[in-house]
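Visitor: I am in my first year and would like to learn how to read a protein model step by step. Could you take my questions in turn?

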Amino acid sequence: MAQPIQPRKDAIAAAATPANTPLNVAPISRGEGLPKPSVATVEEDEDDDDEEDDLEGGNPASVLARNPALLSMVQSKLGGLVGRDSGYLEALPAPVKRRVQGLKGIQVEHSKIEKDFQLELLELEKKFSKRYAPLYARRAEIIAGKAEPTEDEVHAGNAVDEDDDEEEEARVEEINEDGTSDAPKGIPEFWLTALKNHSIIGEQITENDEEALKHLTDIKLEYLDTKQAGFKLVFHFSPNEFFEDSIMTKTYYYQEEVGYGGEFVYDKAVGHEIKWKEDKDLTKTVEIKKQRNKNTNRTRVIKKVIPTDSFFNFFKPPQPPSMDDLEGGDVNEEELEALDEKLEIDYQIGEDLKERIIPRAIDFFTGKALEYEGEDDFDEDDFDDEDEFDEDDEEDDDDRRAAPAPSTSQDPQECKQQ
């Protein structure tokens, strides 16, 4: 699996280490003299007394918990220290510096092996894609209504769902008993339903898109035979009223060098120019205005084309700025951040189509895939054992917000970097 995007060069992503954090960073203590926050004070004297007690009792964390403005200011100050050069490496003796450089050289060789490893994995993916191909072809025939599943295929599907095989077979026989079943051909709107059940893609499909995506008959994956590694997504469509294309493609290319984690990093994506039929472009809306000439009193109609949200914008991928644009200052910080977000979403969709939707299309169609959405995001440490849960221990939200925060005596270098 490839990494979504390569981190920007100007971003500070380093964790706190002796090499990049000033030596005077330490937990907040009573003796540092905390400044008063510039926010409205609370009229109740009890809260002020509690705050003074916390300071006198050596519990500044409690003060921070009740003062969001102060907490934000302190976090900002500490965050600015992370990543700064502490002079640790420069202060090392010359022989030790030489050994450090030697370890960097060994890491270079390690990166070369990582690249070979990823290339071998890619070749393995290509090899197994040939074994998957007959299954995908069989799936496409059943979806299109060109073939019916065999008894063995139905039985295997029932076994997965733990259904009653005999009941299912009887229902199928009843439908096909006279040979003139009114059942629809194949599985209508299969790919439209599968795509709508994907958390990101589903949000990008508009009502107008749905009519066009009802004609989506298959999505295939192809690997590139070029020197630059990558893959191609191939969308097949039946004849429709929206566009002339029967095939649309989206190609993703990997960078030559692997990323820091040893995986391929996306380089760019190349889309497809859709041949829309007249007045059927789903990625644009036409705004019509009338203008009157003050002198002649004649009117004219002006049509203004406005880009609009659509799934089919997927075939017009955002492009990273060139080095000339970055060095020339043609792209500001806000535009660059917005572009980074668009690129990340585009790469994520391509990766999910390749790794999840195409291989498990039936699970997205039935919704089974939704059961596994975000399961990797959970940590066992985030949950208590059932036998330890006690409803009587619950407190309302106000009480929880007012509760003192835990002590911040932990070493900053041991804290996780989000």
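Visitor: How many bridges join strand 1 to strand 2?
Guide: This is a predicted model, and what follows describes what that model contains. Strand 1 and strand 2 run antiparallel, and one of the pairings between them sets Asp218 against His236 in strand 2. The number of bridges that join strand 1 to strand 2 is seven.

Visitor: In what order do the four strands of the open sheet lie?
Guide: Strand 2 (residues 230–237) also pairs with strand 3 in the antiparallel sense, over seven bridges, and strand 3 is joined in turn to strand 4 (residues 266–270) by four bridges, again antiparallel. Together the four strands form an open sheet with antiparallel pairing, in the order 1-2-3-4.

Visitor: Which are the edge strands?
Guide: An edge strand here is one that pairs on one side only, and in this sheet that description fits strand 1 (216–223) and strand 4.

Visitor: By what angle are neighbouring strands of this sheet turned against each other on average?
Guide: For this value the direction of the strands is ignored. The average turn between neighbouring strands of the sheet is 15°.

Visitor: Which helix packs on the sheet?
Guide: The helix in question touches strand 1, strand 2, strand 3 and strand 4, and its direction makes about 75° with that of strand 2. It spans residues 333–357 and is helix 11.

Visitor: Is Asp346 buried or exposed?
Guide: Asp346 has its place in helix 11, and, leaving aside neighbours within four places in sequence, Asp346 is in contact with Lys250, Tyr252, Ala269, Phe314, Pro317 and Pro318. Two of these contacts can be placed on the sheet, since Tyr252 stands opposite Ala269 in strand 4. Because the relative accessibility of Asp346 is 6% and the cut-off is under 20%, Asp346 counts as buried.

Visitor: Why is strand 3 said to be largely enclosed by the rest of the structure?
Guide: Strand 3 covers residues 247–254, and one of its residues, Tyr252, is buried with a relative accessible area of 0%. The strand is described as largely enclosed because, of its eight residues, the number that are buried is seven.

Visitor: Is the ring pair of Phe231 and Tyr252 stacked or edge-to-face?
Guide: The structure holds 24 aromatic pairs, and in this one the ring centres are 5.3 Å apart while the planes meet at 25°. Phe231 lies in strand 2 and Tyr252 in strand 3, so the pair ties together parts that are 21 residues apart in sequence. Since planes under 30 degrees apart count as stacked, the pair is stacked.

Visitor: Which residue has its charged end over the ring of Phe231?
Guide: Phe231 counts as buried, at 0% relative accessibility. The charged end that sits over its ring is 5.5 Å from the ring centre and belongs to Lys354.

Visitor: How many residues apart in sequence are the parts tied together by Phe235 and Phe314?
Guide: The ring centres of Phe235 and Phe314 are 6.0 Å apart and their planes are at 65°, so the pair is edge-to-face. Phe235 lies in strand 2, whereas Phe314 lies in the loop between strand 6 (299–307) and helix 10 (323–328), and the parts tied together are 79 residues apart.

Visitor: Which helix has the lowest mean pLDDT among the elements of the protein chain?
Guide: For the protein chain the mean pLDDT is 76, and 65% of its residues reach 70 or more. Among its elements, helix 7 (residues 190–196) has the highest mean, 97, and the lowest, 44, belongs to helix 13 (residues 397–402).

How values were computed: Residues are numbered from 1 along each chain as its sequence is written. This is a predicted model: local features need pLDDT of at least 70, side-chain atom pairs count only at pLDDT 80 or more; totals for chains, interfaces and linings use all residues. Side-chain values use heavy atoms; hydrogens and water are left out. pLDDT is the predictor's confidence in each residue, from 0 to 100. Helices (H or I, at least four residues) and strands (E, at least two) are DSSP runs, numbered from the N terminus. Buried means under 20% relative accessible area, exposed over 50%, partly exposed in between (1.4 Å probe, protein chains only). Two strands pair if DSSP finds at least two bridges between them. Axes are lines fitted to C-alpha atoms, for helices over the stretch in contact, and angles run from 0 to 180 degrees between N-to-C directions. Contact means heavy atoms within 4.5 Å. Rings of Phe, Tyr and Trp (its six-membered ring) pair if their centres lie within 6.5 Å; planes under 30 degrees apart count as stacked, over 60 as edge-to-face and the rest as tilted. A charge sits over a ring if NZ of Lys or CZ of Arg is within 6 Å of the ring centre and within 35 degrees of the ring normal.
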